[in-house]
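Work through the exercises below with the sequence and the coordinates at hand. Each task is followed by a solution that goes step by step.

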Amino acid sequence: MDNTNTGKEALFSPGCEPVVEDEERRRLLWLMAEYFRTIGCTDIKARLPGFMPPPVLSGTIEDHRPDFTCRQSDSGRTPIILEIVTPNMVEDPTTENRWSLLSSAAKLYNAELHFVVPKWARTRGAIDPVLKRRLARMELTANRVWTV
């Protein structure tokens with residue numbers, strides 16, 4: 001019997017793997033999912049076990065799945081697209097295409113684009129100013145950068 005399944009794939013829903021495997025991203029994503037559920041957001045989708053994953057966004061270069069999406073409890077039920085950014089991702093050049101696609105999708109769907117970073121990283125200090133500078137260099141605008 002050829003068993004190529006390592007077991008990890010069976011534990012996680014499709015679409016969750018990259019987030020679930022990174023403990024820091026997973027922890028921040030759980031925290032934000034709980035927060036948005038607590039304040040009354042609906043249609044919550046997250047790349048976590050027990051949640052429906054957000055839909056894949058089609059890009060011109062490559063496709064990406066947001067970490068988290070939901071609808072706010074305001075009268076317009078404004079959508080949110082949320083990205084978790086860990087210290088090792090903040091300057092990673094491979095995130096540029098992903099963040100550009102998330103920004104384009106936010107504009108297309110009249111959604112807010114939010115980023116979540118840890119308050120402090122042992123090796124880098126505060127992450128949010130680094131992220132904000134990088135987004136500015138990329139000419140991307142975030143509605144909110146959460147420091148958690």
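**Exercise 1. Find the salt-bridge partners of Asp-67 and state where each partner lies.**

Step 1. Asp-67 forms a salt bridge with Arg-98, the closest N and O atoms being 3.2 Å apart; a salt bridge here is a side-chain nitrogen of Lys or Arg within 4 Å of a carboxyl oxygen of Asp or Glu. This pair links distant parts of the chain, since Asp-67 sits in the loop between β1 and β2 while Arg-98 belongs to helix α4, 31 residues apart. Helices (H or I, at least four residues) and strands (E, at least two) are DSSP runs, numbered from the N terminus.

Step 2. The side chain of Asp-67 also meets that of Arg-25 in a salt bridge, at 2.7 Å from N to O. Here Arg-25 is in helix α3, and the two residues are 42 apart in the chain.

Step 3. Before going further, note the basis of these values: the model is predicted, local features need pLDDT of at least 70, side-chain atom pairs count only at pLDDT 80 or more, and totals for chains, interfaces and linings use all residues. Residues are numbered from 1 along each chain as its sequence is written, and side-chain values use heavy atoms, with hydrogens and water left out.

**Exercise 2. Decide for each residue of these pairs whether it is buried or exposed.**

Step 1. Buried means under 20% relative accessible area, exposed over 50%, and partly exposed in between, with a 1.4 Å probe and protein chains only.

Step 2. Asp-67 has a relative accessible area of 0% and is therefore buried; Arg-25, at 8%, counts as buried, and so does Arg-98, at 10%.

Step 3. Arg-25, Arg-47, Asp-67, Glu-83 and Arg-98 are linked in a network of salt bridges, and the structure holds nine salt bridges.

**Exercise 3. Treat the pair Arg-137 and Glu-91 in the manner of the previous exercises.**

Step 1. The closest N and O atoms of this salt bridge are 3.4 Å apart. Because Arg-137 lies in helix α5 and Glu-91 in the loop between β3 and α4, the pair ties together parts that are 46 residues apart in sequence.

Step 2. Arg-137 counts as exposed at 56% relative accessibility, whereas Glu-91, at 37%, counts as partly exposed.

**Exercise 4. Describe the sheet and the helix α3 that packs on it.**

Step 1. Five strands form an open sheet with mixed pairing, in the order β1-β2-β3-β4-β5; two strands pair if DSSP finds at least two bridges between them. The edge strands, β1 (42-46) and β5 (144-147), each pair on one side only.

Step 2. Strand β4 (residues 112-117) runs parallel to β5 and is joined to β5 by four bridges, and Phe-115 stands opposite Val-145 in β5.

Step 3. Helix α3 (residues 23-38) packs on the sheet and touches β1, β2 (68-71), β3 (79-84), β4 and β5, where contact means heavy atoms within 4.5 Å.

**Exercise 5. Identify the residues that touch the most other members of the largest nonpolar core.**

Step 1. A nonpolar core is a set of buried Ala, Val, Leu, Ile, Met, Phe, Trp, Tyr and Cys residues joined through side-chain atoms within 4.5 Å.

Step 2. The largest core has 22 residues, of which Ile-81, Val-85, Trp-99, Phe-115 and Leu-131 touch the most other members. Helix α4 (95-108), strand β4 and helix α5 (128-137) each supply at least two residues of this core, and the largest share, five residues, comes from α4.

Notes: Axes are lines fitted to C-alpha atoms, for helices over the stretch in contact, and angles run from 0 to 180 degrees between N-to-C directions.
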